[in-house]
Amino acid sequence: MSVDSIIGCRLCGARDYARLYDVRGWPIGRCRKCGLEQVMVSPDAQVLDDIYGESYFAKGKYRQDVAGQREQERRIAFMRASGLPGGSRVLDLGMATGEFLGAAREHFELWGVDVAESAVEHARALYPERAAQLFAGMAQDAPLPAEYFDAVVMWDVVEHLDDPVSTLNFAVSRLRAGGWIFLSTPNAGAWIASLMGARWHFMTPPEHLVYFDRRSLQDLCVRCGFAPQRWMTRGKWVNLGFMLHKLRRVMPGLMPASLQARVAESRFGSWCLYAPTGDIQYLAAQRQ
Ligand SMILES: [Zn+2]
(Lines give C-alpha, C1' and ligand atoms only; values in the text may rest on other atoms or scores of the structure.)
Protein backbone atom coordinates (compact mmCIF):
# COMPACT_ATOMS: atom_id res chain seq x y z
CA MET A 1 0.00 0.00 0.00
CA SER A 2 1.46 3.34 -0.98
CA VAL A 3 0.87 6.42 1.15
CA ASP A 4 -0.83 7.97 -1.92
CA SER A 5 -3.59 5.40 -1.86
CA ILE A 6 -4.70 6.31 1.67
CA ILE A 7 -8.02 8.10 1.36
CA GLY A 8 -9.51 10.89 3.42
CA CYS A 9 -11.79 9.84 6.28
CA ARG A 10 -15.21 8.77 4.98
CA LEU A 11 -16.88 10.96 7.58
CA CYS A 12 -14.81 14.08 8.17
CA GLY A 13 -12.30 14.03 5.28
CA ALA A 14 -9.17 14.20 7.47
CA ARG A 15 -6.22 12.08 6.38
CA ASP A 16 -4.84 11.31 9.81
CA TYR A 17 -5.30 7.77 11.09
CA ALA A 18 -4.16 5.73 14.03
CA ARG A 19 -3.30 2.50 12.25
CA LEU A 20 -4.90 -0.41 14.12
CA TYR A 21 -4.14 -3.57 12.18
CA ASP A 22 -4.28 -5.21 8.77
CA VAL A 23 -7.04 -7.69 8.03
CA ARG A 24 -6.45 -9.93 5.03
CA GLY A 25 -4.15 -7.28 3.60
CA TRP A 26 -6.55 -4.36 4.17
CA PRO A 27 -5.26 -1.58 6.46
CA ILE A 28 -7.72 -0.62 9.20
CA GLY A 29 -7.34 2.70 10.97
CA ARG A 30 -9.20 5.04 13.30
CA CYS A 31 -9.57 8.64 12.21
CA ARG A 32 -7.76 10.82 14.74
CA LYS A 33 -10.16 13.69 14.10
CA CYS A 34 -13.65 12.11 14.26
CA GLY A 35 -12.91 8.63 15.63
CA LEU A 36 -14.41 6.61 12.75
CA GLU A 37 -12.82 3.22 12.24
CA GLN A 38 -12.46 2.24 8.59
CA VAL A 39 -10.47 0.64 5.80
CA MET A 40 -7.92 3.32 4.90
CA VAL A 41 -8.04 2.69 1.15
CA SER A 42 -10.81 2.30 -1.43
CA PRO A 43 -11.26 -1.08 -3.12
CA ASP A 44 -11.12 -0.82 -6.90
CA ALA A 45 -14.03 -1.62 -9.21
CA GLN A 46 -12.81 -5.16 -9.88
CA VAL A 47 -12.73 -6.01 -6.18
CA LEU A 48 -16.27 -4.68 -5.72
CA ASP A 49 -17.48 -6.56 -8.76
CA ASP A 50 -16.01 -9.75 -7.37
CA ILE A 51 -17.84 -9.20 -4.07
CA TYR A 52 -21.25 -8.08 -5.31
CA GLY A 53 -21.48 -10.06 -8.54
CA GLU A 54 -23.76 -13.03 -9.15
CA SER A 55 -22.57 -15.13 -6.24
CA TYR A 56 -22.95 -12.64 -3.37
CA PHE A 57 -26.56 -13.43 -2.56
CA ALA A 58 -26.27 -17.07 -3.60
CA LYS A 59 -24.14 -18.18 -0.65
CA GLY A 60 -27.17 -19.09 1.36
CA LYS A 61 -26.40 -16.60 4.08
CA TYR A 62 -29.38 -14.44 3.14
CA ARG A 63 -31.88 -17.22 2.74
CA GLN A 64 -35.19 -17.00 4.57
CA ASP A 65 -34.96 -18.83 7.87
CA VAL A 66 -36.07 -18.45 11.46
CA ALA A 67 -33.10 -16.25 12.37
CA GLY A 68 -33.75 -13.99 9.38
CA GLN A 69 -37.44 -13.79 10.17
CA ARG A 70 -36.79 -12.71 13.76
CA GLU A 71 -34.41 -10.04 12.56
CA GLN A 72 -37.09 -8.66 10.20
CA GLU A 73 -39.64 -8.59 13.02
CA ARG A 74 -37.17 -6.70 15.21
CA ARG A 75 -36.67 -4.11 12.47
CA ILE A 76 -40.40 -3.60 11.96
CA ALA A 77 -40.96 -3.31 15.72
CA PHE A 78 -38.17 -0.71 15.94
CA MET A 79 -39.81 1.35 13.18
CA ARG A 80 -43.25 1.18 14.75
CA ALA A 81 -41.89 1.96 18.22
CA SER A 82 -40.19 5.05 16.79
CA GLY A 83 -43.59 6.32 15.70
CA LEU A 84 -43.75 5.39 12.02
CA PRO A 85 -47.42 4.74 11.19
CA GLY A 86 -48.61 1.68 9.31
CA GLY A 87 -49.12 2.29 5.60
CA SER A 88 -46.10 4.64 5.39
CA ARG A 89 -44.10 4.83 2.17
CA VAL A 90 -40.78 3.13 2.85
CA LEU A 91 -37.72 2.99 0.58
CA ASP A 92 -35.41 0.03 1.21
CA LEU A 93 -31.90 1.12 0.15
CA GLY A 94 -29.77 -2.00 -0.28
CA MET A 95 -32.77 -4.35 -0.27
CA ALA A 96 -30.72 -7.43 -1.25
CA THR A 97 -33.11 -10.21 -2.25
CA GLY A 98 -36.06 -8.58 -0.51
CA GLU A 99 -36.28 -10.35 2.87
CA PHE A 100 -37.34 -7.16 4.64
CA LEU A 101 -39.75 -6.41 1.83
CA GLY A 102 -41.40 -9.77 2.27
CA ALA A 103 -41.77 -9.35 6.02
CA ALA A 104 -42.86 -5.69 6.01
CA ARG A 105 -45.22 -5.57 3.04
CA GLU A 106 -48.23 -6.04 5.29
CA HIS A 107 -47.16 -2.98 7.28
CA PHE A 108 -45.84 -0.47 4.76
CA GLU A 109 -45.90 0.56 1.10
CA LEU A 110 -42.46 -0.55 -0.02
CA TRP A 111 -40.00 0.48 -2.68
CA GLY A 112 -36.52 -0.98 -3.04
CA VAL A 113 -33.13 -0.58 -4.70
CA ASP A 114 -30.03 -2.74 -4.80
CA VAL A 115 -26.82 -2.69 -6.85
CA ALA A 116 -27.02 -6.46 -7.39
CA GLU A 117 -29.23 -7.08 -10.41
CA SER A 118 -29.72 -10.78 -9.70
CA ALA A 119 -30.93 -9.98 -6.18
CA VAL A 120 -33.51 -7.51 -7.47
CA GLU A 121 -34.73 -10.00 -10.09
CA HIS A 122 -35.15 -12.54 -7.32
CA ALA A 123 -37.24 -10.08 -5.27
CA ARG A 124 -39.35 -9.11 -8.30
CA ALA A 125 -40.18 -12.74 -8.93
CA LEU A 126 -41.15 -13.23 -5.28
CA TYR A 127 -43.25 -10.07 -5.06
CA PRO A 128 -44.63 -9.37 -8.54
CA GLU A 129 -47.14 -6.86 -7.16
CA ARG A 130 -44.15 -4.68 -6.11
CA ALA A 131 -41.97 -5.36 -9.16
CA ALA A 132 -42.46 -1.90 -10.70
CA GLN A 133 -41.12 -0.30 -7.49
CA LEU A 134 -37.95 -2.38 -7.25
CA PHE A 135 -34.85 -1.10 -9.03
CA ALA A 136 -31.41 -2.51 -9.80
CA GLY A 137 -28.36 -0.25 -9.93
CA MET A 138 -27.19 2.83 -8.08
CA ALA A 139 -29.95 4.45 -6.05
CA GLN A 140 -29.02 7.82 -7.54
CA ASP A 141 -29.95 6.49 -11.01
CA ALA A 142 -33.30 4.96 -10.01
CA PRO A 143 -36.53 6.85 -10.79
CA LEU A 144 -37.36 7.55 -7.15
CA PRO A 145 -39.52 10.61 -6.50
CA ALA A 146 -37.93 13.42 -4.44
CA GLU A 147 -39.29 14.34 -1.00
CA TYR A 148 -41.77 11.50 -1.31
CA PHE A 149 -40.97 8.84 1.26
CA ASP A 150 -41.94 8.69 4.91
CA ALA A 151 -38.93 6.54 5.70
CA VAL A 152 -35.73 5.14 4.22
CA VAL A 153 -34.34 1.93 5.67
CA MET A 154 -30.74 0.79 5.30
CA TRP A 155 -30.42 -2.56 7.05
CA ASP A 156 -26.81 -3.71 7.32
CA VAL A 157 -25.87 -1.51 4.38
CA VAL A 158 -23.93 1.52 5.57
CA GLU A 159 -20.88 -0.52 6.60
CA HIS A 160 -20.48 -1.60 2.96
CA LEU A 161 -20.39 1.93 1.54
CA ASP A 162 -17.25 3.60 0.29
CA ASP A 163 -19.04 6.95 0.53
CA PRO A 164 -21.73 6.72 3.22
CA VAL A 165 -22.16 10.51 3.35
CA SER A 166 -23.30 10.75 -0.28
CA THR A 167 -25.75 7.86 0.19
CA LEU A 168 -27.28 9.48 3.26
CA ASN A 169 -27.47 12.78 1.42
CA PHE A 170 -29.37 10.93 -1.29
CA ALA A 171 -31.70 9.46 1.35
CA VAL A 172 -32.41 12.95 2.67
CA SER A 173 -33.35 14.12 -0.82
CA ARG A 174 -35.99 11.39 -1.19
CA LEU A 175 -37.58 11.98 2.22
CA ARG A 176 -40.37 14.36 3.03
CA ALA A 177 -39.64 16.87 5.79
CA GLY A 178 -39.77 15.00 9.09
CA GLY A 179 -39.24 11.68 7.32
CA TRP A 180 -37.27 8.92 9.03
CA ILE A 181 -34.12 6.99 8.36
CA PHE A 182 -33.66 3.62 10.06
CA LEU A 183 -30.22 2.04 10.03
CA SER A 184 -28.68 -1.09 11.37
CA THR A 185 -24.95 -1.75 11.28
CA PRO A 186 -22.33 -3.61 13.32
CA ASN A 187 -21.42 -1.79 16.54
CA ALA A 188 -17.67 -1.29 16.77
CA GLY A 189 -18.21 0.07 20.29
CA ALA A 190 -19.46 -3.30 21.59
CA TRP A 191 -17.35 -5.19 24.13
CA ILE A 192 -16.91 -8.09 21.76
CA ALA A 193 -15.53 -5.81 19.04
CA SER A 194 -12.92 -4.42 21.44
CA LEU A 195 -12.10 -7.89 22.71
CA MET A 196 -11.74 -9.51 19.30
CA GLY A 197 -10.09 -6.60 17.43
CA ALA A 198 -8.98 -7.77 14.01
CA ARG A 199 -10.82 -11.06 14.64
CA TRP A 200 -14.20 -9.50 15.36
CA HIS A 201 -16.63 -11.37 13.12
CA PHE A 202 -17.83 -8.17 11.43
CA MET A 203 -14.25 -7.13 10.62
CA THR A 204 -14.54 -8.34 7.05
CA PRO A 205 -12.88 -5.95 4.62
CA PRO A 206 -13.37 -5.19 1.80
CA GLU A 207 -17.07 -6.08 2.21
CA HIS A 208 -17.24 -3.98 5.35
CA LEU A 209 -15.37 -0.73 4.83
CA VAL A 210 -16.64 1.32 7.78
CA TYR A 211 -17.01 0.29 11.43
CA PHE A 212 -19.29 2.66 13.30
CA ASP A 213 -19.79 3.00 17.01
CA ARG A 214 -22.75 4.90 18.42
CA ARG A 215 -21.02 8.26 18.27
CA SER A 216 -19.75 7.99 14.70
CA LEU A 217 -23.08 6.65 13.43
CA GLN A 218 -24.93 9.56 15.00
CA ASP A 219 -22.26 11.92 13.68
CA LEU A 220 -22.89 10.60 10.15
CA CYS A 221 -26.61 11.23 10.49
CA VAL A 222 -26.19 14.73 11.91
CA ARG A 223 -23.76 15.72 9.14
CA CYS A 224 -26.36 14.64 6.57
CA GLY A 225 -29.24 16.61 8.08
CA PHE A 226 -30.84 14.08 10.43
CA ALA A 227 -31.65 14.37 14.12
CA PRO A 228 -30.98 11.05 15.92
CA GLN A 229 -34.03 9.97 17.93
CA ARG A 230 -33.65 6.39 19.04
CA TRP A 231 -30.73 4.01 19.40
CA MET A 232 -30.41 0.45 20.62
CA THR A 233 -28.09 -2.52 20.42
CA ARG A 234 -28.87 -6.17 20.20
CA GLY A 235 -27.14 -9.44 19.69
CA LYS A 236 -28.07 -11.51 16.73
CA TRP A 237 -30.30 -14.45 15.98
CA VAL A 238 -28.15 -16.72 13.91
CA ASN A 239 -28.49 -20.18 12.54
CA LEU A 240 -25.75 -22.62 13.38
CA GLY A 241 -24.67 -22.97 9.75
CA PHE A 242 -24.06 -19.22 9.46
CA MET A 243 -22.27 -19.06 12.80
CA LEU A 244 -19.83 -21.79 11.77
CA HIS A 245 -19.32 -20.05 8.41
CA LYS A 246 -18.33 -16.85 10.27
CA LEU A 247 -16.25 -18.68 12.84
CA ARG A 248 -14.28 -20.50 10.19
CA ARG A 249 -13.66 -17.23 8.45
CA VAL A 250 -11.99 -15.58 11.45
CA MET A 251 -10.33 -18.78 12.70
CA PRO A 252 -9.80 -21.06 9.69
CA GLY A 253 -7.74 -23.51 11.75
CA LEU A 254 -10.60 -24.19 14.13
CA MET A 255 -12.50 -26.67 11.99
CA PRO A 256 -12.18 -28.22 8.56
CA ALA A 257 -14.28 -26.71 5.77
CA SER A 258 -15.85 -30.08 5.10
CA LEU A 259 -17.28 -30.24 8.64
CA GLN A 260 -18.67 -26.72 8.40
CA ALA A 261 -20.30 -27.56 5.05
CA ARG A 262 -21.77 -30.79 6.45
CA VAL A 263 -23.31 -29.01 9.43
CA ALA A 264 -24.66 -26.21 7.19
CA GLU A 265 -26.40 -28.71 4.94
CA SER A 266 -27.76 -30.86 7.75
CA ARG A 267 -30.90 -30.10 9.70
CA PHE A 268 -28.71 -28.67 12.48
CA GLY A 269 -27.59 -25.94 10.09
CA SER A 270 -30.90 -24.13 10.54
CA TRP A 271 -30.88 -24.33 14.33
CA CYS A 272 -31.42 -20.87 15.69
CA LEU A 273 -29.29 -19.38 18.46
CA TYR A 274 -29.26 -15.97 20.12
CA ALA A 275 -25.81 -14.49 20.53
CA PRO A 276 -26.03 -11.67 23.16
CA THR A 277 -23.11 -9.70 21.81
CA GLY A 278 -24.67 -6.23 21.56
CA ASP A 279 -22.69 -5.71 18.40
CA ILE A 280 -25.58 -4.80 16.13
CA GLN A 281 -26.80 -1.24 16.54
CA TYR A 282 -30.01 0.35 15.34
CA LEU A 283 -30.53 4.04 14.86
CA ALA A 284 -33.69 5.95 14.03
CA ALA A 285 -33.20 9.55 12.94
CA GLN A 286 -35.50 12.18 11.51
CA ARG A 287 -34.93 14.58 8.65
CA GLN A 288 -34.60 18.07 10.06
ZN1 LIG B 1 -12.77 11.38 10.43
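The following questions and replies go through a predicted model of a protein and set its values against the definitions behind them.

Me: What should I know about the numbering and the model before I begin?
Reply: Residues are numbered from 1 along each chain as its sequence is written. The model is predicted, and local features need pLDDT of at least 70, side-chain atom pairs count only at pLDDT 80 or more, while totals for chains, interfaces and linings use all residues.

Me: How many helices and strands does the secondary structure of the protein come to?
Reply: The secondary structure comes to nine helices and eleven strands, where helices (H or I, at least four residues) and strands (E, at least two) are DSSP runs, numbered from the N terminus.

Me: What makes the protein as compact as a globular protein of its length?
Reply: The radius of gyration, taken over C-alpha atoms, is set against the globule rule, which is 2.2 Å times the number of residues to the power 0.38. For 288 residues that rule gives 19 Å, and the protein has a radius of gyration of 19 Å, close to the rule, so it is as compact as a globular protein of that length. Along the principal axes, its C-alpha atoms fill a box of roughly 50 × 50 × 35 Å.

Me: Why does Tyr 17 count as buried?
Reply: A residue is buried if 20 or more other C-beta atoms lie within 10 Å of its own, exposed if 12 or fewer, and partly exposed in between, with C-beta atoms placed from the backbone. Tyr 17 has 20 C-beta neighbours inside 10 Å, and therefore counts as buried. Of the 288 residues of the protein, 39% count as buried.

Me: Which residues is Tyr 17 in contact with, leaving aside its neighbours within four places in sequence?
Reply: Two residues are in contact if their C-beta atoms, placed from the backbone, lie within 7 Å. With those neighbours left aside, Tyr 17, which is found in strand β1, is in contact with Gly 29, Arg 30, Cys 31, Arg 32 and Met 40. Tyr 17 and Cys 31 are 14 residues apart in sequence, yet their C-alpha atoms are 4.5 Å apart in space.

Me: Why do Arg 24 and Glu 147 count as exposed?
Reply: Arg 24, in the loop between β1 and β2, has 10 C-beta neighbours inside 10 Å, so it counts as exposed. Glu 147, in the loop between β6 (134-136) and β7, has 12 C-beta neighbours inside 10 Å, so it counts as exposed as well. Each has a positive phi without being a glycine: the value is near 50° for Arg 24, and about 45° for Glu 147.

Me: What makes Gly 278 partly exposed?
Reply: Gly 278, whose place is in strand β11 (residues 272-287), has 17 other C-beta atoms within 10 Å, and so it is partly exposed. Not counting residues up to four places away in sequence, Gly 278 touches Asn 187, Ala 190, Trp 191, Thr 233, Arg 234 and Gly 235.

Me: How do you know that strands β2 and β3 are paired?
Reply: Two strands pair if DSSP finds at least two bridges between them, and three bridges join β2 (residues 26-31) to β3 (residues 37-39), which run antiparallel. One such bridge gives Ile 28 the partner Val 39 in β3. These strands belong to an open sheet of four strands with the order β1-β2-β3-β9 and antiparallel pairing. At its edges stand β1 (17-23) and β9 (210-211), each with a single partner strand, so one side of each is left without a neighbour in the sheet.

Me: How does the reach of helix α2 compare with the span expected?
Reply: The expected span is 1.5 Å times one less than the number of residues. Helix α2 (residues 66-81) has 16 residues and reaches 22 Å from its first C-alpha to its last, close to the 22 Å expected.

Me: What is the largest nonpolar core, and which residues have the most contacts inside it?
Reply: A nonpolar core is a set of buried Ala, Val, Leu, Ile, Met, Phe, Trp, Tyr and Cys residues joined through C-beta atoms within 7 Å. The largest has 63 residues, and those with the most contacts inside it are Ala 151, Val 152, Val 153, Ile 181, Phe 182, Leu 183 and Cys 221. Strand β7 (residues 149-155) gives the most to this core, with six residues.
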